[in-house]
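Got the viewer open? Let's take a short walk through this one, stop by stop.

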Amino acid sequence: MITLSVIKADIGGYVGHSESHPLVLEKADEWLAKAKKSKTLVDYHVTKCGDDLQLIMTHERGVEDETIHKMAWDTFLDCTKVAKELKLHGAGQDLLSDAFSGNVKGMGPGVAEMEFEERGSEPVLIFMADKTSSGAWNMPLYKMFADPFNTIGLVIAENMHAGFTFEIHDVKAHKKISLNAPDEIYDMLLFMGAPGRYAVKAVYHRGSNEIAAVSSTDKLSMMAGRYVGKDDPVCIVRSQGEFPAVGEVLEPFSNPILVEGWMRGSHNGPLMPTSIAQSIPSRFDGPPRVVCAGFQLSNGKLVGPRDMFDDLSFDRAREMAGEIAYYMRSHGPFEPHRLPLEEMEYTTMPQVAKKLEKRFTDI
Ligand code: F6R
Ligand code: MG
Ligand code: MG
């Protein structure tokens, strides 16, 4: 069995919250190279999405393994030192705790991990987003694994016809539910359609029970009890064979859907698919980005990455996202560009509102 772990954190932005500094990535590479040499890791790839440092790792230790999580945590700590030396913006911002206790869950970094038996051909797609929150994967995952208008394989491929099971997490009440597509799609959409509260954690093939996708659902604002930045989630998707084809997995991102998390984590904006190099959210600190690193696994070795959105066929999605960005921005501080009031509770707005509390009188 092989485990694919993606652990990420914003440990400092360059410039502002727009990008990651090459020296930080270099430091992370040093750590993971050491871990590969000592055989803790089978393989790794260090990359970034905007201001988020992404550690992509394969190993044989299973999910939530203490050694792997500790190594990732120590890597982030050491990278924070580099970030502090360079006085990068918000150095160490996602490291919410100063004592490691078993695994990084609940400590600030985002985690997506899956363990599986590697197939004869094992294409994996790793999605990474910046300036948005964990529920951003809900609609893309629904389209990949439940929508025949996106994934024709659900209709005409015999090995997908039985559908997929979605594990949905209530990120506020800390509860989960598993629902089956296609028979329970109406029930599923009741929850998935509210991505601020419900996030798809994992998807399983209904025939084989094999894991098909897993995402990070860590909610930074819920952990810290105050606004400390956006989740900037990641998602791993297995492809081909009994899973959607690579093109079916990427297709949902051809429509730049509105997601929350733009500027001060307080605005809705279009999710723009770009190359990794172009994940440099600069316009009004955005618009939100999604990148995708594709790999073929070979006995745990990460053959790749291929920068999947570095493709002309996503140019129109980028243009559309640009247009939508102009339109949304024209609303300025008004909803629905600004998040709905209940969501603003998880931003810095409550402190400002508090000052005016006494000025409110009865009508
Ligand atoms: C959005 C984001 C940025 C910051 C903004 C203010 O997720 O990261 O839009 O919220 O640049 O940043 P600070 O408070 O660090 O000055
Ligand atoms: Mg940042
Ligand atoms: Mg970020």
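Start by selecting ligand 1 and the residues near it, meaning those with a heavy atom within 4 Å: His 17, His 89, Lys 131, Tyr 227, Lys 230, Gly 261, Met 263, Arg 264, Gly 265 and Asp 285. This is a predicted model, where local features need pLDDT of at least 70 and side-chain atom pairs 80 or more, while totals for chains, interfaces and linings use all residues. Residues count from 1 along each chain as written, chains are lettered from A and ligands numbered from 1 in written order, and side-chain values use heavy atoms, without hydrogens or water.

Now colour helix H8 (residues 262-265), which gives the most to this shell, with 3 residues; helices here are DSSP runs of H or I, at least four residues, and strands are E runs of at least two.

Next, zoom in on the oxygen atoms of ligand 1. Which residue has a polar side-chain atom 2.6 Å from one of them? That's Asp 285. The side chain of His 89 puts an N or O atom 2.7 Å from a ligand 1 oxygen, and a backbone N or O atom of Arg 264 lies 2.9 Å from one. The protein buries 71% of the 410 Å² that ligand 1 exposes when taken alone (Shrake-Rupley method, 1.4 Å probe).

Last stop: pick the magnesium ion (ligand 3). Asp 51, Asp 52, Asp 130 and Asp 232 coordinate this ion through OD atoms at 2.0 to 2.3 Å; donors are N, O and S atoms within 2.8 Å of the metal (3.2 Å for Na, K and Ca), and water isn't among the atoms, so sites may look incomplete. Click Asp 51, too: this residue bridges ligand 3 and the magnesium ion (ligand 2), 4.5 Å apart.

Methods
Polar contact = N/O pair within 3.5 Å; in protein donor to acceptor, adjacent residues only side chain to side chain.
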